[in-house]
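Below are some points for a colleague who is meeting this structure for the first time. Please read them with the sequence and the model at hand.

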Amino acid sequence: MTRLTTLPPAQAERLAALECPNFETTPWVTGPALSRRRVAIVSSAGLVVRGENPFRGRDPDYRAIPADTKADELLVSHISINFDRTGFQEDWNVVFPLDRLNELAADGVIGSVAQTHYSFMGATDPVQMEPYARALAGHLKHDQVDAAILSPV
Amino acid sequence: MSALGHYLEEEGIATVAISLIRPQTENTKPPRALWVPFELGRPFGPPNDPVFQKRVILTALRLLERESGPVIIEDFPDDDPRAQPDPAWHPPFVPAAAADGSAETLATQLEVEIPLLRGAHDLWLSQHGRTTVGLNALPMADCGRYVADWVRGKAPPSPRDGFSAPLMLRFAVDDVKAYYLEAGAAGAGKPSSQQLGDWFWNETAAGAAIHALRETCLATQDERLKLIAGNFMVPAARVRGTG
């Protein structure tokens with residue numbers, strides 16, 4: 001039920017006008033049918049496994065979230081407080097849909113689920129994230145991942 | 001998020017992004033995106049609704065099978081049914097916030113209030129088997145005392161090596177909020193985020209104390225503390241005077 005029109009006007013205006021990178025290329029990677037894809041979650045919720053290094057401010061790097069991480073072990077360390085966290089508190093799939101991906105894999109709808117998932121901290125300037133994102137692609141390929149679902153907050 | 005999709009796709013990984021803010025996605029032009037009409041913080045929609053969540057994920061993943069593109073930006077058609085308030089929900093009891101509103105009174109009331117929510121939070125734990133409290137890594141009573149001492153203007157040192165005191169204060173405030181919002185949502189009701197936020201910010205001593213803490217920190221000469229307190233404690237929609 002929440003669209004920009006339901007946010008405080010100043011916040012909506014700031015979010016809509018947020019400067020985004022102006023890319024000159026439009027990359028496009030094709031692949032096999034969904035039933036043969038290996039899928040990873042890449043979040044920008046500042047997710048961190050409990051006890052590991054939380055995001056401090058606008059860190060540009062990412063955190064790894066192993067596929068065997070339990071729901072009780074995942075925390076949000078995003079710097080912004082202007083998004084709902086109660087949905088994630090009740091059910092991590094609202095932000096990190098690992099259970100749903102596992103079900104889709106068990107049903108044969110997708111091929112498999114990655115061994116490791118990842119999170120950035122979305123308030124960071126994307127230009128600062130670029131080298132880390134490009135390095136992350138190498139890790140995803142090493143895990144045979146050929147589809148990433150990108151989850152914001 | 002869409003920029004990450006661009007970088008990953010350039011490196012050979014096919015991506016599909018969930019979009020919460022359509023104008024940003026339109027500007028960034030990712031290879032594929034599914035805009036969803038959900039609240040910020042809920043990219044896959046309602047909690048504990050696997051059928052709905054799976055529809056969102058599958059609608060997004062199916063975009064990977066499209067042969068025409070880039071750029072694809074589709075809209076998910078349905079609203080989040082859990083965005084509606086639950087009229088039957090009642091928050092746990094907390095005493096009325098202090099009338100005088102002094103820092104010392106608010107700090108003390110925060111410390112008294114936290115243990116009163118223990119039963120509700122234990123119920124939350126038994127219902128959900130998990131908590132999202134833990135960034136600060138202190139037990140909740142100590143976490144509350146750390147925040148309360150900041151409310152009193154004591155500027156206590158960081159309890160954790162390698163983490164600055166203002167950063168630990170931010171984490172402690174996040175943990176207090178998480179503890180209360182989990183306790184508030186315990187039980188049979190299905191409150192909306194708006195209901196929970198209204199309760200926390202308008203009716204609890206913790207909400208009043210964090211408002212006061214923000215003002216106290218903004219009045220200091222510590223620029224880092226002012227930055228954190230000004231932007232990362234009270235949501236923009238809850239800052240007093242901005243409605």
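1. It should be said at the outset that this is a predicted model, and that 44% of the 153 residues in chain A are buried in it.

2. As for secondary structure, chain A holds 4 helices and 7 strands, and when these elements are followed from the N terminus they come in the order α-β-β-β-β-α-α-β-β-α-β.

3. On overall dimensions, the radius of gyration of chain A is 16 Å, which agrees with the value near 15 Å that a compact globule of 153 residues would have. Taken along the principal axes, the box filled by the C-alpha atoms of chain A is roughly 45 × 40 × 35 Å. Among the contacts in chain A with a separation of 6 or more, 75% are between residues 24 or more positions apart.

4. Turning to the interface, 71 residues of chain B are in contact with 69 residues of chain A. On the chain B side, the elements that give two or more residues are α1 (2-10), β1 (15-19), α2 (22-28), α3 (50-62), α7 (165-185) and α8 (193-203), and of these α1(B) gives the most, with 8 residues. Sorted by class, this side of chain B that touches chain A has 39 nonpolar, 19 polar and 13 charged residues.

5. The two chains are also linked through strand pairing, since β7 of chain A, which covers residues 147-151, pairs with β1(B) in the parallel sense over 3 bridges. A reader who wishes to find this place in the model may look for Leu150(A), which stands opposite Ala17(B) in β1(B).

6. One residue that may be followed in more detail is Pro60(A), which is placed in the loop between β2 (47-49) and β3 (63-66) of chain A. Is Pro60(A) buried, partly exposed or exposed? Because it has 17 C-beta neighbours inside 10 Å, Pro60(A) counts as partly exposed, given that a residue needs 20 or more to be buried and 12 or fewer to be exposed.

7. Which residues does Pro60(A) touch, if those up to four places away in sequence are not counted? They are Thr124(A), Gln128(A), Met129(A) and Tyr132(A). Pro32(A), by contrast, is 28 residues from Pro60(A) along the chain, and the C-alpha atoms of these two prolines are separated by 32 Å.

Key: Residues are numbered from 1 along each chain as its sequence is written. Chains are lettered from A and ligands numbered from 1 in the order in which they are written. This is a predicted model: local features need pLDDT of at least 70, side-chain atom pairs count only at pLDDT 80 or more; totals for chains, interfaces and linings use all residues. The radius of gyration is taken over C-alpha atoms; the globule rule is 2.2 Å times the number of residues to the power 0.38. Two residues are in contact if their C-beta atoms, placed from the backbone, lie within 7 Å. Ala, Val, Leu, Ile, Met, Phe, Trp, Tyr, Cys and Pro count as nonpolar, Asp, Glu, Lys and Arg as charged, and the others, Gly among them, as polar. Two strands pair if DSSP finds at least two bridges between them.
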